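Today I'm opening a new structure and jotting down what I look up. I want to check how two helices pack, and then hunt for empty space.

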Amino acid sequence: MGNLQQEIQRLLVLRKSGGQKAVWLSDHNRTALHSVPAGNQPGPPPARAVAPRVPPPAAVPPPAVPLAVQDFRQVSPAVSSPAGAGGVAQVADCSALGWEELQYAVQNCCACQLAAGRKQVVFGEGSPQARLMFIGEGPGEEEDRQGRPFVGRAGQMLSNMIKAMGFERQVQDPARAVYIANIVKCRPPQNRNPEATEVQACLPFLQRQIALLRPQVIVLLGAVPLRCLLGLVGINKYRGSWLDYQGIPVLPTYHPAYLLRFEQQKSKFVEEKSKVWEDLQKVMARLKT
Ligand code: URA
């Protein structure tokens, strides 16, 4: 029954993320959905996954019974419903999700207007054991195309910085692994800054990623993550200073895209890049202790 139950749950999540408020299930599927998953079977926690049994209405002939709206919430409290024009329909409650469930919820999110313009959702990547986390702003064109964070020109620069620090993007070894995520998971049009409603809709996902990872250090790349995660304005003011997010040391530095702006002005480029390198050396020192 386990696989069928999970499959039904997945379908319900998808339907809900598409805005559907109720579905009809056959007796067989309803029984599968409401069955308690065996002890260590993967999937949502039983208390949340098992919806209260809804008695079939007398007038409806078998085999279908309505699944109440409430049942959708039981099945997937994490998936937000579609947004109206420019607004946030429902902020996701993902505070109890594991990595897999979280990724599934993010992939299917339609909570803000960015969903309409995306090619791919960019969940984030790296090792769930990483001690070091980088947080950027949101996917750009190349990230949207590939569904991976920091794979464009700014990403190349970030990868080089990570290597210079003695870490690697594609390794699982906790000693050298990193995790990379963004404030918003879908590309804002023309790479504009994410709007407040978009950040509001998406931030619970990042907060859950941080809670699951519990890195030893977080590096914020630029003004947007500084403002959105910590509510602080002014990257020039805070760059290179140790801050705190729920007990995790946080260090803001310039975004690699900011450095790329000075590529044609050699001395300014070197000057700004060395500030970032100074910041990253603080991070390396902290991770050694
Ligand atoms: N810039 C960001 O902030 N994030 C990405 O993933 C890519 C570019």
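My notes on a helix pair, a pocket and a cavity follow.

**Entry 1: the helix pair.** First a reminder to myself that this is a predicted model. I looked up helix H5 (residues 99–107) and helix H9 (residues 196–213), and their axes come within 11 Å and cross at roughly 165°. Angles over 145 degrees count as roughly antiparallel, so that is what H5 and H9 are to each other. I also noted that their crossing is left-handed.

Which residues make the contact? From H5 I listed Trp 99, Leu 102, Ala 105 and Val 106, and from H9 Phe 205, Arg 208, Gln 209, Leu 212 and Leu 213. Sorted by class, the contact has 7 nonpolar residues, 1 polar and 1 charged.

**Entry 2: the largest pocket.** Its volume came out at about 670 Å³. I found 29 lining residues, with Glu 137, Ala 154, His 255, Ala 257 and Tyr 258 nearest the centre. Helices H7 (141–146), H8 (153–164), H10 (223–230) and H12 (256–260) each give at least two residues to this lining. The mix here is 12 nonpolar, 9 polar and 8 charged.

**Entry 3: the cavities.** How many cavities of 30 Å³ or more are there? I got 2, and the largest has a volume of about 110 Å³. It is lined by 16 residues, and Cys 109, Cys 112, Arg 118, Cys 186 and Cys 202 sit closest to its centre. H9 turns up again, giving the largest share of this lining with 4 residues. By class I wrote down 13 nonpolar, no polar and 3 charged residues for the largest cavity.

Conventions:
Residues are numbered from 1 along each chain as its sequence is written. This is a predicted model: local features need pLDDT of at least 70, side-chain atom pairs count only at pLDDT 80 or more; totals for chains, interfaces and linings use all residues. Side-chain values use heavy atoms; hydrogens and water are left out. Axes are lines fitted to C-alpha atoms, for helices over the stretch in contact, and angles run from 0 to 180 degrees between N-to-C directions. Angles under 35 degrees count as roughly parallel, over 145 as roughly antiparallel, 65 to 115 as roughly perpendicular and the rest as oblique. A crossing is left-handed if the near helix is turned anticlockwise from the far one by less than a right angle, and right-handed if clockwise. Contact means heavy atoms within 4.5 Å. Ala, Val, Leu, Ile, Met, Phe, Trp, Tyr, Cys and Pro count as nonpolar, Asp, Glu, Lys and Arg as charged, and the others, Gly among them, as polar. On a 1 Å grid over the protein atoms alone, a cavity is a set of points where a 1.4 Å probe fits but cannot get out, and a pocket is an open set with protein on both sides within 12 Å along at least five of seven lines; lining residues have an atom within 4 Å of a point. Grid points are joined across faces, edges and corners, and a volume is the space filled by probe spheres set on the points.
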